[in-house]
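Here is a walk through one protein chain, from its odd backbone spots to its domain interface and its charged pairs. Keep the 3D view open and click along as you read.

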Amino acid sequence: MLCFHIKELERGHSINIEFLKDKLKDFYDDKTLVKIIDGLLVDKFVSFRTNFINSTDEYVACELEKNNLKFKKLNLKDELQKRGYDLREYIDFFDFQFFILENRNDYNKLILLDIYKNGFIYLQNPSTFIPVILMDLKDSDNILDMCAAPGGKSLFIKSLKKNKTNLTSVDFNKLRYEKMLYNFKMQNANIYTINKSALDLDDNLKFDKVLLDAPCSGSGILDLNNNDIHKYFNDILINKSIDRQKKLFRKATKLTKNVLVYSTCSILNTENEEIVKSFKNKQVFNLKIYPDNLFEGFFVSKFIF
Ligand SMILES: C[S@@+](CC[C@H](N)C(=O)[O-])C[C@H]1O[C@@H](n2cnc3c(N)ncnc32)[C@H](O)[C@@H]1O
């Protein structure tokens with residue numbers, strides 16, 4: 001009998017948990033399963049970062065203090081190391097600071113501040129910084145973000161390099177694409193965008209660095225408080241995601257000159273390790289993040305061509 005966080009008992013999540021356990025049990029031992037489910041049940045901190053295109057950490061901190069919002073500045077490297085993740089030779093890449101609110105309810109105050117309204121900050125989970133950081137960006141890079149909407153990782157690329165780098169962001173979903181255009185405008189990011197399937201990009205196009213943040217089942221970010229999750233997190237979604245991931249990964253390998261980073265917010269091996277295993281010889285780094293009160297469940301893999 002596995003013992004989960006007390007909240008499971010309080011909220012009566014047993015149907016969803018059984019369903020999820022069934023999907024995960026082939027990949028994880030009991031201890032890790034408990035950790036994953038606890039991590040999906042626990043409330044997350046509100047996290048955000050500065051948009052370096054038009055602001056600085058100092059300015060953001062000053063505005064938060066001025067408006068009496070209690071916050072902490074965290075270091076991504078420290079938070080990952082604290083949780084025992086092995087960052088190997090990439091360790092210093094992760095020396096990046098971001099913010100969390102001490103009180104989750106202050107979210108409502110945060111989104112009323114000018115720093116939010118003017119695009120000086122961007123609400124973003126720290127797991128999603130990892131694929132971009134691994135790209136080891138240079139000002140002169142020509143970059144492709146193949147599945148970009150609503151634009152969080154594209155915006156982080158632009159922010160880190162203060163709008164330098166030549167970035168093309170693609171997404172085939174019209175609604176999500178529109179939302180992405182809005183976000184790019186709000187954050188003052190200068191990005192070339194394409195609204196079509198990345199699978200239809202010309203193979204002769206070559207990019208120094210490619211990010212494939214693939215469509216996935218979202219098993220690392222499941223809302224276990226939603227009693228209907230088995231209606232959308234099911235075998236149909238998982239199989240559809242795997243099919244898309246295989247096609248998109250194959251395409252990504254054709255478009256990459258130097259560096260390819262593959263990521264998903266799923267923790268199922270079938271959507272991650274299994275998808276990229278054909279390029280094992282070019283794989284230089286692999287990291288799976290388990291969900292907890294700070295991080296969303298995430299997988300990332302870096303390839304050098
Ligand atoms: C995980 S989300 C991307 C999140 C985004 N990278 C971010 O950080 O905000 C996956 C995206 O892939 C898009 N997508 C799925 N298949 C695609 C395809 N063949 N070509 C382009 N975009 C695709 C979906 O519309 C969805 O917006």
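## Backbone oddities

Lys162 sits in the loop between H9 and strand E6 (166–170); helices here (H or I, at least four residues) and strands (E, at least two) are DSSP runs, numbered from the N terminus. Before going on, note that this is a predicted model, where local features need pLDDT of at least 70 and side-chain atom pairs count only at pLDDT 80 or more, while totals for chains, interfaces and linings use all residues. Residues are numbered from 1 along each chain as its sequence is written, and side-chain values use heavy atoms, with hydrogens and water left out.

Back to Lys162: it has a positive phi of about 50 degrees although it is not a glycine. Is Lys162 buried or exposed? Lys162 counts as exposed because its relative accessible area is 55%, and the cut-offs are under 20% for buried, over 50% for exposed and partly exposed in between (1.4 Å probe, protein chains only).

Asn188 is another non-glycine residue with a positive phi, here about 60 degrees. Look for Asn188 in the loop between helix H10 (174–186) and strand E7 (192–194). Asn188 has 46% relative accessibility, so it goes down as partly exposed.

Then there's a cis peptide bond, joining Ala149 and Pro150 with an omega of about 5 degrees. Pro150 belongs to the loop between strand E5 (142–145) and helix H9 (152–160). For background, most residues other than glycine have a negative phi, and most peptide bonds are trans.

## Around Asn142

Strand E5 also holds Asn142, a residue that is partly exposed because its relative accessible area is 23%. Which residues does Asn142 touch, not counting residues up to four places away in sequence? They are Asn166, Lys206, Phe207, Asp208 and Lys209, where contact means heavy atoms within 4.5 Å. As for Ser263, that residue is 121 residues from Asn142 in sequence and 19 Å away in space, going C-alpha to C-alpha.

## Where the two domains meet

The chain splits into domain 1 (6–41) and domain 2 (47–304), with the bounds coming from an automatic or database domain assignment. Their C-alpha centres are 25 Å apart. On the domain 1 side, 16 residues are in contact with 22 residues of domain 2.

The size of an interface is often given as the accessible area lost when the parts come together. Domain 1 and domain 2 bury about 1,700 Å² between them, and 66% of that is on carbon and sulfur atoms. Buried area here is the accessible area (1.4 Å probe) that two parts lose on being put together, summed over both.

How many salt bridges cross the interface of domain 1 and domain 2? The rule finds one, taking a salt bridge as a side-chain nitrogen of Lys or Arg within 4 Å of a carboxyl oxygen of Asp or Glu. The side chains of Lys23 and Asp235 make a salt bridge, at 2.6 Å from N to O.

Helix H2 (14–24) and helix H3 (30–41) each give at least two residues to the side of domain 1 that touches domain 2. H3 gives the most to that side, with seven residues. Sorted by class, the side of domain 1 that touches domain 2 has nine nonpolar, four polar and three charged residues. In that sorting, Ala, Val, Leu, Ile, Met, Phe, Trp, Tyr, Cys and Pro count as nonpolar, Asp, Glu, Lys and Arg as charged, and the others, Gly among them, as polar.

## More charged pairs

Side chains of opposite charge can pair when their charged atoms come close. The salt-bridge rule gives a count of 22, and the table shows some of them.

| Pair | Closest N to O distance |
|---|---|
| Asp136 and Lys138 | 3.0 Å |
| Asp243 and Lys247 | 3.1 Å |
| Lys277 and Glu274 | 2.8 Å |

Glu79, Lys82, Arg83 and Asp292 are joined into one network by salt bridges that share partners.

Asp243 and Lys247 both lie in helix H12 (residues 235–255), four residues apart, about one turn of the helix. Asp243 is partly exposed because its relative accessibility is 38%, and Lys247 is partly exposed at 37%. For the other table pairs, Asp136 is partly exposed at 32% relative accessibility and Lys138 is partly exposed at 40%, while Lys277 is partly exposed at 48% and Glu274 is partly exposed at 40%.
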